[in-house]
Amino acid sequence: MICSISGEVPEEPVVSKSSGLLFEKRLIERHILDYGKCPVTGETLTTDDLVPIKTGKIVKPRPVQAASIPGMLGMFQNEWDALVLSAFASEQQLHTTRQELSHCLYQHDSACRVIARLKKELDEARTMLSSLERQAPMPTSTAVASNAYAISNGKRAATEDDEFGPDGKKFRPGISSSIITELTDCNAALSQQRKKRQIPPTLVPLDAIERYTQLNSYPLHKTNKAGILSIDIHQSKDLIATGGVDMNAVVFNRSSGEIVSTLSGHSKKVTSVKFVSDGELVVTGSADKTVRVWQGSESGNYDCKHVLKDHTAEVQAVTVHATNNYFVTASLDNSWCFYELSSGLCLAQVEDSSVSEGYTSAAFHPDGLILGTGTSGSIVKIWDVKSQANVARFDGHVGAVTAISFSENGYFLATAAQDGVKLWDLRKLRNFRTFTPYDENTPTQSVEFDHSGSYLAIGGSDIRVYQVANVKSEWNCIKTFPDLSGTGKINSVKFGADAKYIAVGSMDRNLRLFGLPGEEKDAAAMEAES
């Protein structure tokens, strides 16, 4: 008789009523206590189902090896070898553990020394600053001039006395009548130009886009924190700016294929990046709740000009006005701020008390008097910039509105969310078309019209380019690019000048460019000649 568990002769044999199998009593009782079922058949089994078997005293047979002296010596030798190997492995493990412990103790001691030195330097700096403040009191003229804001070392900061108004909120001077006049004049000029607008002859034709393929992949960001969240293109200088999960923004020269400057300073991921005017300024927004304005220098590097700390939650979007003198930031704190670019002064901070959802995207209308924002609550809001009033809202999306893009024709608006892309007619304030390119678990992360308003790009788990038509005609998908990053998440898609290339950022560290190989060679040759 052999136990069904151990394969040996049982000392206290019992048999199962249900299966008829024989077991060692102590083994099967422990198994029933742990699992409550038969170890062989898997059926439910209790101790009441076990029947003891009475047998005579069993003398276990000797193992074959123990039947002779040479066999026993072999058994002892095998046991000794196993014991020696185990002791050697334990000795090696002990040695490794000692080395690791020694390294950790050394690191801890070094860290304590560095912290102590930094604390000492901080205390000395505070003492020196306090001494200087006592020796050089602020003159009256300076105190009057700093009632609203002070600018020191290129960093804009609110004064302690007047940072908050009587209502407990931060003091905002508001958008003055002269600024409103400037915005209105810009709107009138751009609207007049739009009436005469024609499709440029240099725009890439439809059949060329159908032949687009990946031209290059540039590793601009760090590997350990991969992901490009935002892209902007300065078309006349052929510069591309990217914002990454690695807390850096990168300015890249497409023609030379080289990094111009790496903008480091944010303490969390860079969620939005925008060029201003002639490319000498770059504005970045970050999950660290700050906005930074970067000034280009003669050396080609970009230095931080302003650090703006007016938001209390992640800054999700930055959009620059057509005058290139003002910009707007949108945040998850349920507010958007209107800034003067030169001073970094927040002229107005607009909060919508009717809802609690934060803003996840924002974009200026091409004419500059209308601002579009998307919320985490799937609502698209249209604002009058002059009065900061919410003049329209579009419902219908599912999930956060991740991207907004106005067409250059002035009356099409594209918005992206979890459920795809919706197109809105701003003349009649209605949705006239919806694209659902992906399944319900794949959000659309990016949507972008090209500068001519002839093409629309969508980014989600791949990149799709549509031919723009009118309200009644069909918008055809003319090209689909696979996600070559392998991450399944396209975060940003931008068209180059005349749609001659498409820049794509996804959740890896690489900036990818799609286009015709011949066009890239021509651009490189022109750059070399210049």
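**Salt bridges, strands and nonpolar residues**

At a relative accessibility of 35%, D109 counts as partly exposed. The structure described here is a predicted model, and D109 offers a convenient way into its charged contacts. The side chain of D109 forms a salt bridge with R113, in which the closest N and O atoms are 2.9 Å apart. Both residues belong to helix 2, where a spacing of 4 residues places D109 and R113 about one turn of the helix from each other. R113, for its part, is exposed, with a relative accessibility of 59%. This pair therefore joins a partly exposed aspartate to an exposed arginine.

The model holds 10 salt bridges in total, and two further examples show other surroundings. R393 and D395 meet through their side chains, with an N to O distance of 3.2 Å. Here both partners count as partly exposed: R393 has a relative accessible area of 41%, and the value for D395 is 47%. The salt bridge of D508 with R512 has its closest N and O atoms 2.7 Å apart. D508 is buried, because its relative accessible area of 11% lies under the 20% limit. R512 is buried as well, at 9% relative accessibility.

Helix 2 also carries nonpolar residues at the surface. This helix spans residues 69–135, and I69 is part of it. I69 contributes to a nonpolar surface patch of about 500 Å², together with M72, L73, M75 and F76. With a relative accessible area of 62%, I69 counts as exposed, since the limit for that class is over 50%.

Which residues have the most contacts inside the largest nonpolar core? They are I179, L183, W336, F338, L347 and L371, in a core of 20 residues. One helix and several strands give two or more residues each to this core: helix 4 (177–195), strand 16 (326–331), strand 17 (335–340), strand 18 (345–351) and strand 19 (359–364). Among these elements, strand 18 gives the most, with 4 residues.

A closer look at strand 8 (239–244) is rewarding. Strand 8 is mostly covered, with 6 of its 6 residues buried. In a regular strand, side chains alternate between the two faces of the sheet. In strand 8, L239, A241 and G243 point one way, while I240, T242 and G244 point the other way; residues on both sides are buried. Strand 8 has paired neighbours in strand 7 and strand 9. Strand 7 (residues 228–234) runs antiparallel to strand 8 and is joined to it by 6 bridges. Within that pairing, D232 stands opposite A241. Strand 9 also pairs with strand 8 in the antiparallel sense, over 5 bridges, and F252 of strand 9 is the bridge partner of I240.

The two hairpins around strand 8 each include a residue with positive phi. Between strand 7 and strand 8 there are 4 residues, and D238 in this hairpin takes a phi near 60°. The hairpin of strand 8 and strand 9 has 3 residues between the strands, and there M247 takes a phi near 75°. M247 is not a glycine, yet its phi is positive; the residue sits in the loop that leads from strand 8 to strand 9 (248–253). Its relative accessibility is 22%, so M247 counts as partly exposed. A further example is S378, a residue other than glycine with a positive phi near 70°. S378 is found in the loop between strand 20 (370–375) and strand 21 (380–384), and at 15% relative accessibility it counts as buried.

Strands of a sheet pair through backbone hydrogen bonds, in a parallel or an antiparallel manner. Further along the chain, an open sheet of 4 strands follows the order 27-28-29-30, with antiparallel pairing. Its edges are strand 27 (446–449) and strand 30 (477–481), each of which pairs on one side only. On average, neighbouring strands of this sheet are turned by 15° against each other, with direction ignored. Strand 29 (residues 463–467) is joined to the antiparallel strand 30 by 4 bridges, and I463 stands opposite F481 of strand 30.

Note on methods: Residues numbered from 1 in each chain as written. Predicted model: local features only at pLDDT ≥ 70, side-chain atom pairs only at ≥ 80, totals over all residues. Heavy atoms only, no water. Patch = residues over 30% accessible without salt bridge, like charges linked within 9 Å, V, L, I, M, F, W, Y side chains within 5 Å. Areas by Shrake-Rupley, 256 points an atom, 1.4 Å probe, with all protein chains shown as cover. Salt bridge = Lys/Arg side-chain N within 4 Å of Asp/Glu carboxyl O. Buried < 20%, exposed > 50% of the residue type's maximum accessible area, 1.4 Å probe, protein only. Pairing = 2+ DSSP bridges. Axes fitted to C-alpha atoms, helices over the stretch in contact; angles between N-to-C directions. Core = buried A, V, L, I, M, F, W, Y, C linked by side-chain atoms within 4.5 Å.
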